[in-house]
Amino acid sequence: KDSIRQIITTEYKILVEHLYSENDSVKYYISKLEALNCKLDDKNVWFNIQLVKAAVLSRSKDKNGLRELYAKMKNEFENVPNEKHAFFFHSLGMYYYRVDDLDSSRHYFNKVVNNLDTTWADYYNLSVSSYNNLATISKLQYDYSASFSCLEKYEIFLDKHSENDSIQKKN
């Protein structure tokens, strides 16, 4: 099982490198990882694969596919760390933003910023992205005071933390 886990880790890193550029490669590595995980049967690995699928579906604006995936993932939420939830909620926020459902998008970005744990490796990136998206959504809805409030929270966050803090937490 350790050798399978090592292969999965290596293949997952390759998958992430291709995530935003080569759709065929992403599909190939998703299939490969799913086959490897059948041997390992690790819920955390399964959830990571689903997060990648969610990112792909979000970019393609496949609302039905994302809804089906979300239903499957919701059943496994209790079996994976909360950090994974934040990534999925962020993916849903991005999806709803892309299909112009700004209220749903705001809902999911708020779930991210309201449930982040400062010990998570990607705390900084998720926070920065979510606050920025919340400010943009408010601006698009002509709610300038809410947009300004999000930007203030964003600036307070940046003053409190630096990217170096995030990098140190990863190590």
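**Loop aspartates and the packing of α3 against α4**

In this predicted model, D100 is classed as exposed, because its relative accessibility of 65% lies over the 50% cut-off. The residue is placed in the loop that links α5, which covers residues 82-98, with α6, which covers residues 102-114. The backbone of D100 has a positive phi of about 60 degrees, although the residue is not a glycine.

A second aspartate with a positive phi is D41, for which the angle is about 55 degrees and which, again, is not a glycine. D41 is found in the loop between α2, spanning residues 23-40, and α3, spanning residues 43-60. With a relative accessible area of 61%, a value over 50%, D41 is therefore counted as exposed.

The loop between α2 and α3 also holds D42, whose relative accessibility is 17%. As this value falls under the 20% cut-off, D42 is counted as buried, whereas D41 is exposed. The side chain of D42 is joined to that of R5 by a polar contact of 2.8 Å. When neighbours within four places in sequence are left aside, D42 is in contact with R5 and with N37, so that R5 appears both in this set of contacts and as the partner in the polar contact.

The helix α3, which follows this loop, was next examined together with α4, a helix formed by residues 63-74. Two packed helices are described by the angle between their axes and by the distance between those axes. The axes of α3 and α4 come within 10 Å and cross at roughly 160 degrees. Because an angle over 145 degrees counts as roughly antiparallel, α3 is roughly antiparallel to α4. The crossing of these two helices is left-handed. On the side of α3, the residues that meet α4 are W46, F47, Q50, L51, K53, A54 and L57, and their counterparts in α4 are G65, L66, L69, K72 and M73.

Cysteine residues were considered last. The count of disulfides comes to 0. C38 has a relative accessible area of 65% and is exposed, while C150, with a relative accessible area of 11%, is buried. These assignments follow because the value for C38 is over 50% and the value for C150 is under 20%.

Note on methods. Residues are numbered from 1 along each chain as its sequence is written. This is a predicted model: local features need pLDDT of at least 70, side-chain atom pairs count only at pLDDT 80 or more; totals for chains, interfaces and linings use all residues. Side-chain values use heavy atoms; hydrogens and water are left out. Helices (H or I, at least four residues) and strands (E, at least two) are DSSP runs, numbered from the N terminus. Buried means under 20% relative accessible area, exposed over 50%, partly exposed in between (1.4 Å probe, protein chains only). A polar contact is a pair of N or O atoms within 3.5 Å; within protein, one must be able to donate a hydrogen and the other to accept it, and residues adjacent in sequence count only if both atoms are side-chain atoms. Contact means heavy atoms within 4.5 Å. A disulfide is a pair of cysteine sulfur atoms within 2.5 Å. Axes are lines fitted to C-alpha atoms, for helices over the stretch in contact, and angles run from 0 to 180 degrees between N-to-C directions. Angles under 35 degrees count as roughly parallel, over 145 as roughly antiparallel, 65 to 115 as roughly perpendicular and the rest as oblique. A crossing is left-handed if the near helix is turned anticlockwise from the far one by less than a right angle, and right-handed if clockwise.
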